[in-house]
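User: I would like a close look at the aromatic pairing in this model. Please describe the pair itself first and then the surroundings in which it is found.

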Amino acid sequence: GRYVGVGPTRRLGAELSGGLAGAGPLRLDGALSFTDARRAADGALLPYAPRLLGQAGVGVEALAIGAARASGGLRVLALGPRPLPTGLWSARRAQLDLRAALRRGRLEAALDVDNLLGQAIHDGEFVFASDWRPQDGSASALDARHISFGPPRALSLSLAVHPQARGAAP
């Protein structure tokens, strides 16, 4: 990356977030934010600044399964298209993640799956001239879209031993 000065900017936005939890183990939460970022001089949209960002999740906490307790959930993260230089727009991005854990006494096993659907996510999109062959004179000075891909599906398994609470029976 590099720093590119654009002068003064103006940003207006709103955010809405909330959660719902009842007497049972089910939990719901979500957040949505909108930002309108523009250059103060001419009112043009600020390149690369996200306009719409949202997340929502559903999960369970301490659900009794025999002598064990289960917890986990699904979370979706979504990023709307971002303005790019020269009037282009980035792709939308959405990612679904999963967590499942089972605890019995002091022992816990958890499975995390990032990018559950295995999507080819555009982590970054940039627009600039790219000159990889300056010696042969065939390189173009025209701006081009460059994409860096996000992480693939990732599985991780963790095992934990929690400390014994004070006064608890061994």
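Analyst: The following account begins with the aromatic rings and then turns to the chain around them.

The model is a predicted one. It contains one aromatic pair. A pair of aromatic rings is described by the distance of the centres and the angle of the planes. Here the partners are Tyr-48 and Phe-126, with ring centres 5.6 Å apart and planes at 45°. Planes under 30 degrees apart would count as stacked and those over 60 as edge-to-face; the angle of 45° falls under neither heading, so the pair of Tyr-48 and Phe-126 is classed as tilted.

As to location, Tyr-48 belongs to the loop between β2 (26-39) and β3 (52-65), whereas Phe-126 is part of strand β7 (residues 122-129). Because the two partners are placed in this way, the pair ties together parts that are 78 residues apart in sequence. Both residues are partly exposed: the relative accessible area is 30% for Tyr-48 and 38% for Phe-126.

Strand β2, which precedes the loop of Tyr-48, also holds Leu-28. At a relative accessibility of 37%, Leu-28 is partly exposed. Leu-28 contributes to a nonpolar surface patch of about 410 Å², together with Leu-20, Leu-26, Val-58 and Leu-74.

On the other side of the pair, strand β7 is preceded by a loop that begins after β6 (107-114), and Asn-115 lies in that loop. Asn-115 is not a glycine, yet its phi is positive, at about 55°. With 0% relative accessibility, Asn-115 is buried. Another positive phi in a residue other than glycine, near 60°, is found at Thr-86. This residue is placed in the loop between β4 (68-79) and β5 (93-104). Whereas Asn-115 is buried, Thr-86 is exposed, with a relative accessible area of 56%.

The chain as a whole provides the setting for these details. It has nine strands and zero helices, so that every element named from the N terminus on is a β element. Of its 170 residues, 19% count as buried. Among contacts with a separation of 6 or more, 51% are between residues 24 or more positions apart. The chain exposes about 11700 Å², of which carbon and sulfur atoms supply 61%.

Note on methods. Residues numbered from 1 in each chain as written. Predicted model: local features only at pLDDT ≥ 70, side-chain atom pairs only at ≥ 80, totals over all residues. Heavy atoms only, no water. Phe/Tyr/Trp six-rings, centres within 6.5 Å; stacked < 30°, edge-to-face > 60°. Helix = DSSP H or I, 4+ residues; strand = E, 2+ residues; numbered from the N terminus. Buried < 20%, exposed > 50% of the residue type's maximum accessible area, 1.4 Å probe, protein only. Patch = residues over 30% accessible without salt bridge, like charges linked within 9 Å, V, L, I, M, F, W, Y side chains within 5 Å. Areas by Shrake-Rupley, 256 points an atom, 1.4 Å probe, with all protein chains shown as cover. Salt bridge = Lys/Arg side-chain N within 4 Å of Asp/Glu carboxyl O. Contact = heavy atoms within 4.5 Å.
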